[in-house]
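Work through these exercises with the model open beside you. Try each task before reading its solution.

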Amino acid sequence: MTPLFLTAALVLATGLFAVGLFGLMIRRGILFQIIALEIMLTGPALAFVAAGAHHGDPGGQGMFIFVLVLAASEVALGLALYLRLGRHADVSDSDTVNLLRR
Amino acid sequence: MSPFFALLLVPMPAMGAFLLLGLGPAEFNRRAIQTIALAGATLPAVVMLPLGAYCLMGTCDGIQPIFDLEVGPAVVALALKLDPLSALVGVTVTIIGACVIGYSIDYMAKSEIADLRRYFALMNLFLASMLCMVLAGDSIIFFLGWELMGLCSFFLIAYHVTSARAIAAGRKAFVITRVADAFLLAALLLLFLEAGSVRLDDLIPAGIATDDVRRGLIAALLLAGAMGKSAQLPFHTWLPSAMAGPTPVSALLHSATMVAAGAYLLARLAPLMETVPLVMAVTATVGAATALFGATAAVFQLDVKRLLAYSSISQIGFMLLAIGLGQPEVAIAHFVVHAIFKSLLFLSAGDITQIARGTTDIAAMRGALRARPVAYLAFVAGAASLAGIPFVTGGWFSKEAILASAWLAGPFGIVLWGVALSAAVLTGAYAFRPVLVGLIPVKGARMTFGGVFTNLPILLLAAGTFAIAPLVTPMVEFLDATVPHPPLAVELVGAVAPFVGLALAFAMTFMPRISRRVAQARRMRSGIRIDGVYQIVFVQPFVALVRWLTGQRGSIADPVGTLPVMGAQWLVGAIVRPLAHDPLDRAWAGFASATVRAWGVARHVQSGRVRDYALAIAVGVALLLLLGWGTTWR
Amino acid sequence: MALTALIVLPLFGGIAALLVARLGRNAERWFSIAVLAVALIALIVAWTGGPPPDAPGAQWLALVRYQYAPALGLQFLLAMDGLSGALVAVSIVLGIISVVISWNIRKQSGLFHACILWTVAASNGVFLAMDLLFFAFFWELMLVPSFLLISIWGHGDREAVALKFLVFNAVAGLGLLAAVFYMAATAPEITFDAFVFAEMGIPPLAQVWLLLGFSMAFLTKLPAPPFHAWLPDAHTMAPTAGSILLAGLLLKTGAYGLFRFPGMLFPDGFHVLAPYGLALGAFGTIYGAVLACGQTDAKRLVAYTSIAHMSIVLMGLSGGVHFAMMGAGVEMIAHAFSASALFLLIGALYDRVGTRDLRQLGGLQQTAPRFAAAFAVFFSAALAMPGTANFLGEALVITGMFQVNWFLAAIALVSLVVSVVYATGLLKRIIFGVPSKACVTQDLTWSELAPVIVLATGTLLFGMLPQLLLVVLEPAVDAALAPLVRP
């Protein structure tokens, strides 16, 4: 694993994170925001794997699995909220639920 | 127990009757009221007559102590006293009181307002007060009786409670006599301070022993008190208006009690009065002037009761004249004689005029001889005594004694004698006017007689006017003095006076030209209008003052009391109100409201939009990273 | 101990009355009467208990002393002499009468009776306390129940009037409080004991100022012009019981203060200020009487006569001679009876016809003779007819005035004459005349007649047998005058 590769991997990770963040901020659809969040999570996860490979440490892959679990639970929660909002209030725009109440 | 203990019992029955009728809460029927009243009025006479008899036989000088009060250094020893003066006057008062109240039993039953209970309660209290005053051995009991009489006279004059005139007359009587009472109270209290005791036996020597100025003042105050109560000039105005009360009230008020009380007061304190010659001269002058004035005013009256009222003023003027001349014993003899004939006149006139449906005009006497012979003849007897028909009537003897004492009192006395003689002539004139009117026949008059309660007192008193005639000289001697005797010519002049008056009365009654003149003399009839003077000098300024002080003239009500209120209001306006909006408080309040406004702005950050928060978190983390990077820079 | 009960019993009785009122109909009324009756017994016990061993003078009939807060010099110190004993007796009797006369009060009856009991308690405290801080405390405490009585059960513009009453008296009370604190501060060691102050030897100039402070409170309560504006309003608007307590008790506390303290604490100050007191009294007696002549409201009329009579008391107290002082004491008691009775009668009249306007009344003599007789008796008392205690009081004051200054005696006599004008005016409007539209059909009932008889008996008994009262007052008067006699 060359330092160059590492750098390239970190740049990619940063890019993924930035794309996700960008998507989170400009999209108003809740589903898209959840997807953007998933993308954001992949960035740090890639960075963990790359850093683990670079240092020869299995902790990087461990952390990756941790991030996967986190992402899974987060998606589950986010989709549940999305479905709830959609079913009861017919809402898919996150800006319209800014008051957290009717 | 001394026989003087009975003195305490004299006013008790009348007082008891008052308490039962006036203040007792129990209900009584008409007969019970009359019985109680009669018992209360006659029992004092029953007790007093033996006492008088005892006095004639034994030593007539006794004190019955009631109880002693200790007021600091002084001892107020209340007592009743029996001496010739109080015995004589006491007997007179009890007899007259019994006669008048007995007479009232029938008379008042026929009156418009048959509130017998109130009437008899007050009459009995009146009698009890007079007896207290007469028998008093000390100034407190004396003043008690004196003042209670004033109160009773108010209620009795205003007996016809629905008549505004009667109430006004009662108030007038009470206020004027109260002025006199204030003078008397001042005199008695000054004497009390001199003597340190209230016993009359101590007061008189202490008063004599004091310095000239103080003695003169005390004597003058006593005279003023007596003048007010006795309706002498210039206090006489209340008495004619007091005729608004029922006739028996006038009979009691004018004969033996209230009005004559002034004369009794001066006779009682005569030793003290005699030490101040100036006051004595004033007393005599006032007496003579009032005698003439009263007689003149009486001549012009058209109303029997008012005529008799002015007659009382005039007759008491005679008494004051005698006292001023240093002959109080003669004055008391006249007091007794006057009490009998004046109550007789009122009672018989009341009986005659009641038949004439309440009007008390002299015209109501017309035909009285035929219509009501008993009362008319009794009235004639009274008028004869009032005029002083010689030798047979008591009036002649006592009046002659007064004229005699004036004649014998030096050059000034002769002037007074002249005044008194002209008063005597006029007395004859007014006394016989109603009598002569009564002779005028009226068509269709029926002869009637009153009941026993009406006739018995009248006949008793009519007999008394003649029976007292030979007793005048013994009375004066009983009082330890002698009747003065002037030259025979002077006595003859005095004897002729009533007949001259009778001639005048004839002229006034039967000569239309003169009687018309009499009817037109309004000024004299209203007592030379001193009432009007009082109205202007005292009443109107007082009313104006009251109106002004109570804010009825656009002024501030109760100005003195409003003063602190206005001060407080000014204080509020000047100091409290400008500081009411506390500047410091406003600064704090401004700070608070600014903070509230700042929060309002700041909360816009909390948009609730997920995207905004994501941006904020991102920017924040970025800044933190930058900060971390910057601080670890080497 | 019995003295303490005189204050504590009605004080806590009042609180208990609030609770007892829930028990049932009229329970609080009987309870209040019972409390006052027990207080009366306590008074008799205290009176007959014999002279206390530790009393500072022979005139004291009973004395109680507890150390209440020794660090502050505060003692619970009560002492009773003849005058305060008589006034306490009057206050308890008037308390009972107030309860009896208010039998038809339904609104917040518990609080009403509590107020009556508290008024009695506080005025007893004033009459008995010789620790001046407690005196001042009771002095202010007295205002509260009266304030409530006027503002809750009063007539007309009652809130404003109650406030006027409170402001006048509370402000005036400050003078008293300031003077008390000054004396406590200048004492050798901190105390509020009046007996200690009496021995202290306050410098003459300070005495004048301190007496002014005391007088400020006393003259307002008396009330002497020009501090009287609260009285006619308060009397007019107060319920009957309130008027009785005001006239019978509150006014007497002012007179009591002027009786007790000037001679005892400030003899030098008294000599400086007495002429002004005499002048104020002379002015007030004429002023009150003249104003009474012009009133159209019966209660206001009686209120102004109170001013006239209490001004006579002021003259008597400022005279500094035995007769006048004695007369003032008698007049205080006599006026408590006669003025209370008049307010009672006018209140009873108001209950029947709903007006106190003299122009609308009349004819009582024909429709209700008992009523008329009662009015006549108490108006005789108001115009100082001999045979009533009022005459004794006024005659003694006038006697004293003859010793002080003849001019003042003449003024007092003039006020006697004016009293006839207003008294006959009132009789004319109420009992004489044609029965008007507002005419009474029901005569006095027994529950009204009983208090009237009690008060009439008091007035006439002390008028006819004055020795009963004079014996009681004599030692108190002697003791009050003793420091005033100049060496």
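**Exercise 1: Chains A and B**

Nine residues from chain A and eight residues from chain B make up the contact between these two chains. The model is predicted.

Task: Find which helix gives the most to the side of chain A that touches chain B, and sort that side by class.

Solution.
- Step 1. Look at helix α1 (residues 3-26) of chain A. With three residues, α1 gives the most to this side.
- Step 2. Sort the side of chain A by class. There are five nonpolar, three polar and one charged residues.

**Exercise 2: Chains B and C**

Task: State how many residues of chain B are in contact with chain C, and describe the side that chain B offers.

Solution.
- Step 1. Count both sides. Chain B has 43 residues in contact with 43 residues of chain C.
- Step 2. Find the elements. On chain B, at least two residues each come from α2 (12-23), β1 (62-71), α6 (139-157), α7 (164-195), α26 (530-549) and α27 (559-576).
- Step 3. Pick the top contributor. α7(B) gives the most, with 13 residues.
- Step 4. Sort by class. The side of chain B that touches chain C has 31 nonpolar, six polar and six charged residues.
- Step 5. Compare the pairs of chains. Two pairs touch, and the most contacts are between chains B and C. Chains A and C do not touch, and their nearest C-alpha atoms are 50 Å apart.

**Exercise 3: Annotated spans**

Task: Locate the spans that UniProt marks as "transmembrane region" in chain A, and check the helix content of residues 6-24 and 63-83.

Solution.
- Step 1. Read the record. The unreviewed UniProt entry places this feature at residues 6-24, 31-51 and 63-83 of chain A.
- Step 2. Check residues 6-24 of chain A. This span is 100% helix and 0% strand, with its end C-alpha atoms 27 Å apart.
- Step 3. Check residues 63-83 of chain A. Here too the chain is 100% helix and 0% strand, and the end C-alpha atoms lie 30 Å apart.

**Exercise 4: Helix α13 of chain C and its partners**

Task: Classify how α13(C) packs against α17(C) and against α18(C).

Solution.
- Step 1. Recall the two values to use. Packed helices are described by the angle between their axes and the distance between the axes.
- Step 2. Take α13 (residues 298-319) and α17 (residues 389-404) of chain C. Their axes come within 9 Å and cross at roughly 45°. α13(C) and α17(C) are therefore oblique to each other. Their crossing is left-handed.
- Step 3. Find the contact. From α13(C) come Ile312(C), Met315(C), Gly316(C) and Gly319(C); α17(C) supplies Glu394(C), Val397(C), Gly400(C), Met401(C) and Val404(C). By class, five are nonpolar, three polar and one charged.
- Step 4. Turn to α18 (residues 406-430) of chain C. α13(C) packs against α18(C) at about 165°, with the axes 11 Å apart. That makes the two helices roughly antiparallel, since an angle over 145 degrees counts as such.
- Step 5. Sort the residues in the contact of α13(C) with α18(C). Ten are nonpolar, two polar and none charged.

**Exercise 5: One threonine**

Task: Decide on Thr253(C): buried or exposed?

Solution.
- Step 1. Place the residue. Thr253(C) sits in helix α11 (residues 240-265) of chain C.
- Step 2. Apply the cut-off. A residue is buried if 20 or more other C-beta atoms lie within 10 Å of its own. Thr253(C) has 23 such neighbours, so Thr253(C) counts as buried.
- Step 3. List its contacts beyond four places in sequence. Thr253(C) touches Ser123(C), Val126(C), Met142(C) and Lys221(C).

Conventions. Residues are numbered from 1 along each chain as its sequence is written. Chains are lettered from A and ligands numbered from 1 in the order in which they are written. This is a predicted model: local features need pLDDT of at least 70, side-chain atom pairs count only at pLDDT 80 or more; totals for chains, interfaces and linings use all residues. UniProt positions are given in the numbering used here, feature names are shortened, and annotations may be inferred rather than shown by experiment. Helices (H or I, at least four residues) and strands (E, at least two) are DSSP runs, numbered from the N terminus. Axes are lines fitted to C-alpha atoms, for helices over the stretch in contact, and angles run from 0 to 180 degrees between N-to-C directions. Angles under 35 degrees count as roughly parallel, over 145 as roughly antiparallel, 65 to 115 as roughly perpendicular and the rest as oblique. A crossing is left-handed if the near helix is turned anticlockwise from the far one by less than a right angle, and right-handed if clockwise. Two residues are in contact if their C-beta atoms, placed from the backbone, lie within 7 Å. Ala, Val, Leu, Ile, Met, Phe, Trp, Tyr, Cys and Pro count as nonpolar, Asp, Glu, Lys and Arg as charged, and the others, Gly among them, as polar. A residue is buried if 20 or more other C-beta atoms lie within 10 Å of its own, exposed if 12 or fewer, and partly exposed in between; C-beta atoms are placed from the backbone.
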